[in-house]
Amino acid sequence: MTPSRIALALLTAGLMAGVAPPPAAHAADELVLSGRAQTGADARDVRFTFGCTPKSGANFTGVLSVVLTVPEYEQLSPVFPFETFEGPDADAGKLTSLEATGAGSPARDIFEVAGSAGIDADKPFNFELDAAMRGEVLRLRAVAKVLRRLVAGPGQLVWRQANPHPGGVALVATLPVTPADAARLQSLLGPCLAVAGRGG
């Protein structure tokens, strides 16, 4: 189970028990930006959702996250096996490449991610990359290394989701980051990047 799903489970349990949710767990800790994805001959709009919940408590661990949302994903099922990445127990391997360009040299790393079918009207699939603010030091540093390029100024983020089937087409999503986007990302992600810089 990914850290954000653990946090959701704890939040749900707390609500059922009449416990107020931690102040960090709300939509203000997210920023959604629009990008474009290419999968073989198909091109479509996608969404990148960035999240940062830096605070940790006895029953809550903060998370630094990026989610790639692909609308109407079932249209792509003949060429890309989304089901391989579905669920907290998905074990597709390290097939996710994130590369960010911006101030300084490009930053790139490879990750393992899981995903889920969304309930939004556009019937999306969500690929989720997250790192806990404690207990996942190496993963947190790797995610932060990439995202730091985006908060430093205008640039671009490329999410390449490799196909687990040999010879299969990859899903490549690109997000242009404007100066205004970079400023918003800095405001949101800054606290989590600071924790990552201290080693989690």
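A residue counts as buried here when its relative accessible area is under 20%. By that cut-off Thr-39, with a relative accessible area of 3%, is buried; the structure in which it sits is a predicted model, and the values that follow are to be read accordingly.

**Overall architecture**

The chain holds 3 helices and 9 strands, and along the sequence these follow the pattern α-β-β-β-β-β-β-β-α-β-β-α. Of the 200 residues in the chain, 44% are buried. The accessible surface of the chain comes to about 9500 Å², and carbon and sulfur atoms account for 57% of that surface. When contacts between residues at least 6 apart in sequence are considered, 65% of them join residues that are at least 24 apart.

**The nonpolar core and the packing of H2 on H3**

The largest nonpolar core comprises 48 residues, and those with the most contacts inside it are Phe-48, Phe-50, Leu-64, Phe-127 and Leu-189. Leu-189 itself, once its neighbours within four places in sequence are set aside, is in contact with Phe-50, Gly-51, Cys-52, Leu-64, Leu-147 and Val-151. Two of the core residues named above, Phe-50 and Leu-64, are therefore among the contacts of Leu-189, given that contact means heavy atoms within 4.5 Å.

Leu-189 also takes part in the meeting of two helices, where residues of H2 including Leu-140, Ala-144, Leu-147 and Val-151 face residues of H3 including Ala-182, Leu-185, Leu-189 and Leu-193. The interface is not confined to nonpolar side chains, since Arg-141 and Arg-148 in H2 and Gln-186 in H3 are also listed among the residues that meet. Helix H2 (residues 137-151) and helix H3 (residues 179-197) pack at an angle of about 150 degrees, with their axes 9 Å apart. Angles over 145 degrees count as roughly antiparallel, so H2 is roughly antiparallel to H3. The crossing in which H2 passes H3 is left-handed.

**Buried positions in strands, a helix and a loop**

Thr-39 belongs to strand S1 (residues 30-39). Not counting residues up to four places away in sequence, Thr-39 touches Leu-76, Val-79 and Phe-80, and also Val-169, Ala-170 and Leu-171.

A second threonine, Thr-49, is placed in strand S2 (residues 42-52) and is buried at a relative accessible area of 13%. With residues up to four places away left out, Thr-49 touches Glu-30, Leu-31 and Val-32 on the one hand, and Ser-65, Val-66 and Val-67 on the other. Glu-30, Leu-31 and Val-32 fall within the residue range of S1, while Ser-65, Val-66 and Val-67 fall within that of strand S3 (63-70).

Ala-142 is found in helix H2 and, at 13% relative accessibility, counts as buried. Its contacts, apart from neighbours within four places in sequence, are with Asp-109 and Phe-111. The C-alpha atoms of Ala-142 and Asp-109 are 6.7 Å apart in space, although 33 residues separate the two in sequence.

Gly-153 lies in the loop between H2 and strand S8 (155-161), and this glycine also counts as buried, with a relative accessibility of 12%. Setting aside residues up to four places away, Gly-153 touches Val-177 and Ala-182, and Ala-182 is one of the H3 residues that meet H2.

**Pairs distant in sequence**

The following table collects three C-alpha pairs with their separations.

| Pair | Separation in sequence | C-alpha distance |
|---|---|---|
| Ala-92 and Pro-164 | 72 residues | 6.9 Å |
| Gly-153 and Gly-102 | 51 residues | 6.0 Å |
| Ala-142 and Asp-109 | 33 residues | 6.7 Å |

Ala-92, from the pair with Pro-164, is found in the loop between S3 and S4. Leaving out residues up to four places away in sequence, Ala-92 touches Thr-84, Phe-85 and Glu-112.

**Positive phi values in two loops**

Glu-72 has a phi near 50 degrees, a positive value in a residue other than glycine. This residue lies in the loop between strand S3 (63-70) and strand S4 (96-101), and with a relative accessible area of 30% Glu-72 is partly exposed. Lys-123 likewise has a positive phi near 50 degrees and is not glycine; its position is in the loop between strand S6 (114-117) and strand S7 (125-132). Exposed means over 50% relative accessible area, and Lys-123, at 53%, is therefore exposed.

Technical notes: Residues numbered from 1 in each chain as written. Predicted model: local features only at pLDDT ≥ 70, side-chain atom pairs only at ≥ 80, totals over all residues. Heavy atoms only, no water. Helix = DSSP H or I, 4+ residues; strand = E, 2+ residues; numbered from the N terminus. Buried < 20%, exposed > 50% of the residue type's maximum accessible area, 1.4 Å probe, protein only. Areas by Shrake-Rupley, 256 points an atom, 1.4 Å probe, with all protein chains shown as cover. Core = buried A, V, L, I, M, F, W, Y, C linked by side-chain atoms within 4.5 Å. Axes fitted to C-alpha atoms, helices over the stretch in contact; angles between N-to-C directions. Parallel < 35°, antiparallel > 145°, perpendicular 65-115°, else oblique. Left-handed = near helix turned anticlockwise from the far one by under 90°.
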